[in-house]
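The following paragraphs lead the reader through a protein structure one step at a time. Please keep the sequence and the structure in view while reading.

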Amino acid sequence: MKIVIPGGSGQVGTILARHFQANAHEVIVLSRKPVSAPWQVVVWDGETMGSWVTEVAEADVVINLARRNVNCRYTPENRRQIMESRIYSTRIIGEAIAQAKRSPRVWLQASTATIYAHTYDTPNDERTGIIGGMEPNAPDTWRFSIDVATSWEKAFDAIDAPRTRKVCTRSAMTMSPDRGGVFDVLLGLVRRRLGGRVGDGRQFVSWIHDQDFIRAVEWLIESEISGPVNLTAPEPLPNAELMRILREASGIRFGLPATRWMVELGTWALRTESELVLKSRKVVPGRLLEAGFEFRFPSWPEAARDLCRRWRESV
């Protein structure tokens with residue numbers, strides 16, 4: 001297949017591009033900056049038509065990951081960039097697909113599991129899950145994240161692409177041993193004896209092992225499913241439990257906990273937002289499980305041991 005990945009120069013895009021190229025597919029990454037990679041990289045601005053349109057017009061699969069990173073303070077300018085980067089890139093890809101003589105057969109559009117409500121009890125799946133934003137006493141930053149997610153999906157849903165199957169992937173944190181990724185950051189905290197619970201530790205963490213993420217994407221490409229799909233492992237768990245298991249897997253016995261005020265102060269100093277670690281994301285992959293998809297790493301203990309092993313082997 002010819003697979004085009006807009007915004008594919010980040011961690012998740014690299015995971016997919018590396019896998020697809022290793023399996024003899026033609027991979028084209030669309031990036032705002034020219035970067036050196038084992039696959040072809042085509043420059044685009046994520047907003048206007050250009051020579052990159054030819055790649056989309058000739059693609060079998062488009063996997064759109066383009067968006068500005070949310071790991072920042074939600075200043076007015078950053079909020080504008082976060083919102084516009086998602087909506088503009090989605091719209092322009094839709095225009096390119098609409099103009100193609102031979103449309104891609106499937107378009108996987110990134111979204112986020114953050115779209116669901118902050119909850120500790122009932123898990124959120126695609127059919128019965130509660131979209132967030134109306135939780136009592138929710139901080140403004142949490143409401144902004146929901147607004148971004150829902151606006152992003154509305155832009156995708158509004159695109160008419162009758163010859164292309166459209167899938168909206170509500171992804172949880174993808175855990176891989178790659179440097180700079182979420183798992184690498186968490187393991188770094190653990191190795192520095194800072195990997196205790198965050199806040200009260202009750203907030204649920206939804207996650208997915210990188211191998212299951214790749215397999216789920218491949219499965220969605222070959223399936224007939226359309227619409228929203230949660231890309232997350234079936235067993236989310238509280239932050240305190242997740243960090244305890246990660247300490248065990250890495251052989252570290254102690255982790256200093258971070259109280260809420262410490263989190264607020266630390267995220268302010270690091271120019272990011274506390275929502276990324278304090279909001280409870282209890283999300284499950286209802287549609288994948290209903291359709292028979294089998295996870296290799298459904299639970300965190302097995303996943304953490306595998307990721308720690310691969311991390312050590314890569315050092």
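In this predicted model, two tryptophans offer a starting point: W44 and W52 are both buried. The rings of Y74 and F144 make an edge-to-face pair, because their centres are 5.1 Å apart and their planes stand at 65°; planes over 60 degrees apart count as edge-to-face. This pair connects distant parts of the chain, since Y74 belongs to the loop between β4 and α3 (76-99) while F144 belongs to helix α4, 70 residues apart. Y74 and F144 are both buried.

How many aromatic pairs does a search of the whole structure find? The search gives six. W44 and W52 form an aromatic pair of the edge-to-face kind, with 5.1 Å from centre to centre and 75° between the planes. In addition, one aromatic cluster is made up of W219, F293 and F295.

The sheet may be considered next. Seven strands make an open sheet with parallel pairing, and their order is β3-β2-β1-β4-β5-β6-β10. The edges are occupied by β3 (40-43) and β10 (227-231); each has a single partner strand, so one side of each is left without a neighbour in the sheet. On average, neighbouring strands of this sheet are turned by 25° against each other, direction ignored. Helix α6 packs on the sheet and touches β4, β5 (106-112), β6 (165-171) and β10, and its direction makes about 160° with that of β6.

Individual pairings can be followed within this sheet. Strand β1 (residues 2-6) pairs with strand β4 (residues 61-64) in the parallel sense over two bridges, and V4 stands opposite V62 in β4. Strand β4 is also joined to β5 by four bridges, and these two strands run parallel. Here V62 stands opposite W107 in β5.

Is strand β5 largely enclosed or left open by the rest of the structure? Seven of the seven residues of β5 are buried, and therefore the strand is largely enclosed by the rest of the structure. Its side chains can be sorted by direction: V106, L108, A110 and T112 point one way, whereas W107, Q109 and S111 point the other way, and all are buried.

After β5 the chain enters a loop that leads to α4 (140-157), and T114 is found in this loop. T114 counts as buried because its relative accessibility is 12%, and the cut-off for buried is under 20%. The side chain of T114 makes a polar contact with the side chain of R281 at 3.1 Å. When neighbours within four places in sequence are left aside, T114 is in contact with S145, I146, E275, K279 and R281.

Two helices allow a simple check of geometry. Helix α1 (residues 11-22) has twelve residues, and at 1.5 Å a residue it should span 16 Å; the end C-alpha atoms are 17 Å apart, which agrees. The expected span is 1.5 Å times one less than the number of residues. The buried residues of α1 are V12, G13, I15, L16, A17 and F20. They are covered by elements that include β1, β2 (26-31), β4, β7 and α6.

The same check applies to helix α11 (residues 300-314): its 15 residues should span 21 Å at 1.5 Å a residue, and its end C-alpha atoms are 21 Å apart, which agrees. In α11 the buried residues are W300, A303, A304, D306, L307, C308, R310 and W311. Among the elements that cover them are β7 (173-175), α5 (182-191), β9 (207-209), α6 (210-222), β11 (237-238) and α7 (239-250).

Finally, the backbone deserves attention at two positions. Most residues other than glycine have a negative phi. A24, however, has a positive phi near 70°. This residue follows α1 and lies in the loop between α1 and β2. A24 is exposed, because its relative accessible area is 71% and exposed means over 50%. R193 likewise has a positive phi, near 65°, in a residue other than glycine. R193 is found in the loop between α5 and β8 (204-205). With a relative accessible area of 42%, R193 is partly exposed.

Technical notes
Residues numbered from 1 in each chain as written. Predicted model: local features only at pLDDT ≥ 70, side-chain atom pairs only at ≥ 80, totals over all residues. Heavy atoms only, no water. Buried < 20%, exposed > 50% of the residue type's maximum accessible area, 1.4 Å probe, protein only. Contact = heavy atoms within 4.5 Å. Pairing = 2+ DSSP bridges. Axes fitted to C-alpha atoms, helices over the stretch in contact; angles between N-to-C directions. Polar contact = N/O pair within 3.5 Å; in protein donor to acceptor, adjacent residues only side chain to side chain. Phe/Tyr/Trp six-rings, centres within 6.5 Å; stacked < 30°, edge-to-face > 60°.
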